[in-house]
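Ready for some practice in reading a protein model? Keep the viewer open and try each task before you look at its solution.

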Amino acid sequence: MPLLGCIADDFTGATDLAAMLVKEGMRTVQVIGVPAPGEAAPDADAIVVALKSRTAPARDAVAWSLEALAWLRGAGCRQFFFKYCSTFDSTERGNIGPVADALVEALGCGFALACPAFPANGRSVFQGHLFVGAALLNESGMEHHPLTPMTDANLVRVLSRQTDATVGLVPFAVVEQGPAAIRRAMTGLKEQGRRYAIVDAVTDQHLRDIGTAAAGHALITGGSGVAIGLPQNFRDAGALPPQEDSARLPAAEGHAAVLVGSCSRATAFQIASARDHAPTLELDALATPDAAALAQQALDWADGRLGTVPVVISASASADKVAALQAQLGRGAAGALVEEALALIAEGLVARGVRKMVVAGGETSGAVVQRLGVQRLRIGAEIDPGVPWTYGEGSGPAMHLALKSGNFGARDLFLKAFAS
Ligand code: ADP
């Protein structure tokens, strides 16, 4: 039976958390959306339900999160984790506060810690203030985020605006003293009637100590960083056997491919680096603004080229070409056209025996996974930080997928991914 049930407010955040749990020794499966009531839980120590609730209306975010909680409880999970972004992405009204309120109430636990710190990625919390690198959150660029502008770095204040409950702080000086002091501070805040405590953390050791202190908590909320200490609690309790290799996936077979819909800079370097070593096709969406025709071109080209060296099929284009297509079709329609083309190509490649695929681009990955009918991803070893191989299962053939958000991964990612 699974031990830890997680609810993530977006898809790539879910993968990030899942990869962290795998590294710390829990076999982890990410499920896409809430499974049907009564649907059997996958064989795993941790399950992460990936929602798309970060910027949904608060009412929807709450309803989906409660459905996810009910399913995870039904699956037998003993502890629950609400995962949000390490930059606390939310609006004045939600959704972190409303979702946490609903989960605390449903679990009857009365209290939850809140810690988005992720020192390895430069996110730290000091005196309740969130820093991105050396900058306060509200001076980090996040104040200009198109959907969730973060204009206040004081998380006690930010969370207080999203809930009727009162929010306390477990400050650095206490966290430095270790798990017993953190536990005492959290118990004290709960007894004073606080529903939440923002907990400071600037090192991984702080996160591990917070995890230890929260062993008995029904609900933990935060970024993927604070999950780092939770697997050890289950090992200490004798519930999680030491894993030989929690990242092990079924053996990979079939042909290899890379599909690129990201126009981000890191991705452009990765295409350039792969070009000399793998057959590469660059689609021209401006010349052929038709998803089905683009897909047919790509699949005709791929026929006869498929094998263990990946074919690289890219829609990525320079900023002026992207702008030209957007001017012609509108921004949304241009993106949707390219996503549709790549989803059709993915489907055609799978029909031709591709079973190992790297997909570059967050939105692109969403479109491909949806088209392939993938419902679950078992998380394997990382190719590069934040980019694990996964084993996707659902209505189509099971296959290995690596879903890469645009700016992730080293230059040689596309070839390294397939080097055995
Ligand atoms: P990233 O993770 O780099 O942000 P995404 O896949 O999330 O990548 O977003 C990239 C978007 O750009 C997708 O909607 C994709 O369809 C779109 N796109 C890709 N190539 C082109 C192009 N040549 N012209 C217009 N839009 C494009």
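Below are four exercises, each with a worked solution.

This is a predicted model, in which local features need pLDDT of at least 70 and side-chain atom pairs count only at pLDDT 80 or more, while totals for chains, interfaces and linings use all residues. Residues are numbered from 1 along each chain as its sequence is written, and side-chain values use heavy atoms, with hydrogens and water left out.

**Exercise 1. Describe the shell around the ligand.**

Step 1: Start with the count: 17 residues surround the ligand, where a residue is near if one of its heavy atoms lies within 4 Å. The closest are Ser262, Ser264, Glu339, Glu363 and Thr364.

Step 2: Sort the shell by type: 6 residues are nonpolar, 9 polar and 2 charged.

Step 3: Look for helices (DSSP runs of H or I, at least four residues, numbered from the N terminus). H11 (319-329), H12 (331-351) and H13 (362-371) each supply at least two residues of the shell.

**Exercise 2. Find polar contacts of the ligand (pairs of N or O atoms within 3.5 Å).**

Step 1: Go to Ser262, where a polar side-chain atom lies 2.7 Å from a ligand oxygen atom.

Step 2: Now try the backbone. An N or O atom of the Ala315 backbone is 2.9 Å from a nitrogen atom of the ligand, and one of the Glu363 backbone is 2.7 Å from an oxygen atom of the ligand.

Step 3: Finish with the cover: the protein hides 82% of the 570 Å² of accessible area that the ligand has on its own (Shrake-Rupley method, 1.4 Å probe).

**Exercise 3. Work out how H12 and H13 pack.**

Step 1: Two packed helices are described by the angle between their axes and the distance between the axes.

Step 2: For H12 and H13, the angle is about 45 degrees and the axes are 9 Å apart (axes are lines fitted to C-alpha atoms over the stretch in contact, and angles run from 0 to 180 degrees between N-to-C directions).

Step 3: H12 and H13 are therefore oblique to each other (angles under 35 degrees count as roughly parallel, over 145 as roughly antiparallel, 65 to 115 as roughly perpendicular and the rest as oblique).

**Exercise 4. Search the loop between strand E4 and helix H3 for unusual backbone geometry.**

Step 1: Phe88 lies in this loop. Phe88 has a positive phi of about 55 degrees although it is not a glycine.

Step 2: Asn95 is also placed in the loop between E4 (79-83) and H3 (96-107) (a strand is a DSSP run of E, at least two residues). A cis peptide bond joins Gly94 and Asn95, with omega about 10 degrees.

Note on methods. Polar contact = N/O pair within 3.5 Å; in protein donor to acceptor, adjacent residues only side chain to side chain. Nonpolar A, V, L, I, M, F, W, Y, C, P; charged D, E, K, R; others polar.
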